[in-house]
Amino acid sequence: MSSAAISVHGVTARVPAKINLELVVGPRRADGFHHLATVFQAVGLHDDVTVEAADDWGITVNGPYADLVPVDDTNLAMQAARLLASEASIDVPVHITIDKDIPVAGGMAGGSADAAGALLACDALWGVGSSKAALEDLAAELGSDVPFALLGGTAMGSGRGDQLAPVLGRGRYHWVLAFSDVGLSTPKVYAECDRLRANRRVPEPAPSAAMMTALRSGDAASLGRALSNDLQPAAFSLQPRLEEVLRAGMDHGALGGIVSGSGPTVAFLVSDTEQGLDLAVALTASGSAPAVERAVGPVRGAHLITAPSGPSGPSGPRASVGSTGHQTGHTGPAGLRSS
Ligand code: ATP
């Protein structure tokens with residue numbers, strides 16, 4: 001590809017974290033993955049992924065979790081960029097900068113989000129013009145949670161969680177996220193889940209009627225009651241403290257609480273901003289969780305927040321493309337994380 005078509009400035013994609021409102025884990029498949037029936041919701045806690053044409057491939061990670069993220073070819077954003085370059089026969093290296101706010105190994109699919117952001121941003125930077133379907137295929141190759149990071153909103157996931165169907169639910173939900181300072185490895189949590197269920201027949205997974213009804217009604221209290229996660233016992237087994245965090249949040253009046261994905265983040269559903277603030281303050285003051293943040297969901301999936309510029313696009317970095325969908329709540333009081 002000729003460098004004349006390459007954007008001069010960087011292109012930035014904003015990508016959301018996810019929580020699983022429901023995660024039904026079926027039997028382990030021959031390929032080692034599990035059949036899943038899950039309901040994802042994208043929430044307003046984001047990473048920003050910026051790509052710029054460079055002499056060589058490289059990656060920089062900024063933010064409170066930077067030390068935990070690899071800056072070599074194992075980084076999922078780098079893998080995504082290289083995969084698109086290879087598919088589209090691009091030989092222009094990029095430098096990737098990730099401004100990271102999504103906790104690492106927190107069960108919120110931060111790495112997958114970065115991969116989705118890199119796909120979208122590189123596609124724009126290089127002027128590839130991939131169709132939505134083509135990007136979704138590449139996303140599925142990169143990991144089970146990557147397609148949802150592109151899609152956003154609320155969606156049912158089947159297969160490995162990568163076959164998506166949007167859920168046309170109602171409601172805007174307020175979440176309080178309690179982070180742990182020790183991550184949980186997703187493969188280890190699945191292995192523990194298998195161990196705990198070793199002597200049980202595991203049925204094919206199916207979404208619950210209660211979850212679908214709750215989402216259709218938009219009623220937060222019903223959604224709170226319908227939250228469920230088959231990986232939760234495994235996450236509790238590996239990090240027993242999480243059970244106390246969940247109990248503390250429920251004792252403080254949350255409508256529902258759940259370990260997000262493979263954990264260790266615990267997500268609490270609350271009725272409104274005020275209850276979210278109260279719960280965030282209570283969890284922080286009780287010392288139950290080292291960091292607490294509020295977020296609203298659903299929010300949109302990966303989207304550009306800078307237009308490609310230079311020869312073929314508008315000029316200037318950070319030109320906004322549509323709404324940012326950035327709805328992270330700032331918890332305010334000292335000691336609470338805010339982004
Ligand atoms: P999931 O919810 O999909 O299971 P997670 O939120 O638990 O994911 P991630 O934050 O995606 O976990 O990271 C898991 C591991 O992937 C990290 O421990 C890290 O070594 C590696 N990794 C690779 N690329 C990235 C990235 N861009 N951001 C974060 N972690 C990354």
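**Close-up 1. Helices and strands that line the largest pocket of the predicted model**. Four elements each supply at least two residues of this lining: strand E1 (11-28), strand E2 (34-53), H2 and helix H5 (186-196). H5 gives the most, with 5 residues. Helix H2 spans residues 110-125.

**Close-up 2. Space and lining of the largest pocket**. The largest pocket holds about 1,100 Å³ of space. Its lining counts 45 residues, and those closest to the centre are Ser 112, Asp 145, Thr 186, Pro 187 and Ser 262. By class, the lining has 20 nonpolar, 18 polar and 7 charged residues.

**Close-up 3. The ligand in its pocket**. The ligand sits in the largest pocket. A shell of 21 residues surrounds the ligand. Ala 105, Gly 111, Asp 114, Asp 145 and Thr 186 are the closest of them. Asp 145 and Thr 186 also appear among the lining residues closest to the centre of the pocket. Helix H2 (residues 110-125) provides the largest share of the shell, 3 residues. Sorted by class, the shell has 9 nonpolar, 8 polar and 4 charged residues.

**Close-up 4. Protein atoms facing the nitrogen and oxygen atoms of the ligand**. Asn 75 places a polar side-chain atom 3.1 Å from a nitrogen atom of the ligand. Two residues approach ligand oxygen with backbone atoms. In Ala 109, a backbone N or O atom lies 2.9 Å from an oxygen atom of the ligand. In Gly 106, a backbone N or O atom lies 3.5 Å from an oxygen atom of the ligand. On its own, the ligand has 610 Å² of accessible area, and the protein covers 80% of that area.

**Close-up 5. The second largest pocket**. This pocket contains about 230 Å³ of space. It is lined by 16 residues. Tyr 65, Val 104, Ser 180, Asp 181 and Val 182 lie nearest its centre. The lining of the second largest pocket comprises 10 nonpolar, 4 polar and 2 charged residues.

Conventions
Residues are numbered from 1 along each chain as its sequence is written. This is a predicted model: local features need pLDDT of at least 70, side-chain atom pairs count only at pLDDT 80 or more; totals for chains, interfaces and linings use all residues. Side-chain values use heavy atoms; hydrogens and water are left out. A residue is near a molecule or strand if one of its heavy atoms lies within 4 Å of it. A polar contact is a pair of N or O atoms within 3.5 Å; within protein, one must be able to donate a hydrogen and the other to accept it, and residues adjacent in sequence count only if both atoms are side-chain atoms. Accessible areas come from the Shrake-Rupley method with a 1.4 Å probe; for residues, only the protein chains shown count as cover. On a 1 Å grid over the protein atoms alone, a cavity is a set of points where a 1.4 Å probe fits but cannot get out, and a pocket is an open set with protein on both sides within 12 Å along at least five of seven lines; lining residues have an atom within 4 Å of a point. A molecule sits in a cavity or pocket if more than half of its atoms lie within 2 Å of its grid points. Ala, Val, Leu, Ile, Met, Phe, Trp, Tyr, Cys and Pro count as nonpolar, Asp, Glu, Lys and Arg as charged, and the others, Gly among them, as polar. Grid points are joined across faces, edges and corners, and a volume is the space filled by probe spheres set on the points.
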